[in-house]
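Got your viewer open? Here's a short walk through the model, one selection at a time.

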Amino acid sequence: MGRLVITDTYSHMFGEAVLDSLHSSLKKEVEDIVTSTPIPQASKQSKEKTKAGRTVWSGKDFNRPLEASFRGQGWERRKIYFPEQTRYYIDVDFAKDGVAVEIQFGKYAFVQHDFSKFRYLFEEGDEKRRINVGIEVVPSAALQKRMYTGPANFDSVVASLLAHARNDPAVPVWLLAIDVK
């Protein structure tokens, strides 16, 4: 079993400062969950041209144990239904008080989708469901090279954030890069 390490962070629109100021215990809890959750060894045999025959990690290798750890600490899926169309909703992986967390091992477009979900929860009218900050956890560039082809990595997400206007996404976000040790 391996363990995750946080190799880098990026604070968008003062995301880390918001955590430090309003939710310092939840920030520590997220760091502890991420770095203490045992991760199984890579198990997926790649069939991709560039990695044929190599054993790589898939998102499920990370999502399942992290989900169990977050749920064990009281983090819940938070959904917002659109009132006029009650079967349509957005949801985040984990939320507690004013913090939402998304673990993203999918393609880059899913990171942007996560940022949109943070914005909806940030602007939510119901104070009990509203968030002050989002936390996005993505693979480091080094980990991405040992995964199946396709997931976004920390460097590409930061580059995209820097290329956009400061208000895209218009919500404080703390971005974490992870790797396996």
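Start with the whole chain coloured by burial: buried residues make up 46% of its 181 residues. Here buried means under 20% relative accessible area, exposed means over 50%, and partly exposed is in between, with a 1.4 Å probe and protein chains only. The areas themselves come from the Shrake-Rupley method, with only the protein chains shown counting as cover for residues.

Before you click further: this is a predicted model, where local features need pLDDT of at least 70 and side-chain atom pairs count only at pLDDT 80 or more, while totals for chains, interfaces and linings use all residues. Residues are numbered from 1 along each chain as its sequence is written, and side-chain values use heavy atoms, leaving out hydrogens and water.

Now switch to cartoon. You'll see six helices and nine strands; these are DSSP runs numbered from the N terminus, H or I with at least four residues for helices and E with at least two for strands. The radius of gyration is 16 Å, close to the 16 Å that the globule rule gives for 181 residues, so the chain is as compact as a globular protein of that length. That radius is taken over C-alpha atoms, and the rule is 2.2 Å times the number of residues to the power 0.38. Along the principal axes, the C-alpha atoms fill a box of roughly 50 × 35 × 35 Å.

Next, the salt bridges. How many does a search of the whole structure find? Twelve, each counted when a side-chain nitrogen of Lys or Arg is within 4 Å of a carboxyl oxygen of Asp or Glu.

Select E16 and K27: their side chains meet in a salt bridge, 2.8 Å from N to O. This pair links distant parts of the chain, with E16 in helix α1 (residues 15-22) and K27 in helix α2 (residues 24-36), eleven residues apart. E16 is partly exposed at 25% relative accessible area, whereas K27 counts as buried at 10%. Add D20 to the selection and you have a network of salt bridges linking E16, D20 and K27.

Jump to K117. One partner is E102, with the closest N and O atoms 3.1 Å apart. Again distant parts of the chain are linked: E102 sits in strand β7 (residues 99-103) and K117 in helix α4 (residues 108-122), 15 residues apart. Are E102 and K117 buried or exposed? Both are buried.

K117 also has a salt bridge with D114, at 3.6 Å from N to O. K117 and D114 are three residues apart in helix α4, so about one helical turn separates them. D114 is buried too, like K117.

Time for two backbone stops. M13, in the loop between β1 (2-12) and α1, has a phi near 50°, a positive value in a residue other than glycine. M13 is partly exposed, at 24% relative accessible area. Then go to D97, in the loop between β6 (85-96) and β7. D97 isn't a glycine either, yet its phi is positive, about 50°; this residue is exposed, at 54%.

Last stop: show the surface and pick K47. K47 lies in the loop between β3 (44-45) and β4 (55-56) and counts as exposed at 81% relative accessibility. Now add its companions: K44, K47, K60 and R64 gather in a patch of positive charge on the surface. Such patches are made of residues with over 30% relative accessible area and no salt bridge, with like charges joined within 9 Å.

Technical notes
Patches are made of residues with over 30% relative accessible area and no salt bridge: like charges are joined within 9 Å, nonpolar side chains (Val, Leu, Ile, Met, Phe, Trp, Tyr) within 5 Å. Accessible areas come from the Shrake-Rupley method with a 1.4 Å probe; for residues, only the protein chains shown count as cover. Lys and Arg count as positive and Asp and Glu as negative; His and the chain ends are not counted. The place of a charge is taken as NZ of Lys, CZ of Arg, CG of Asp or CD of Glu.
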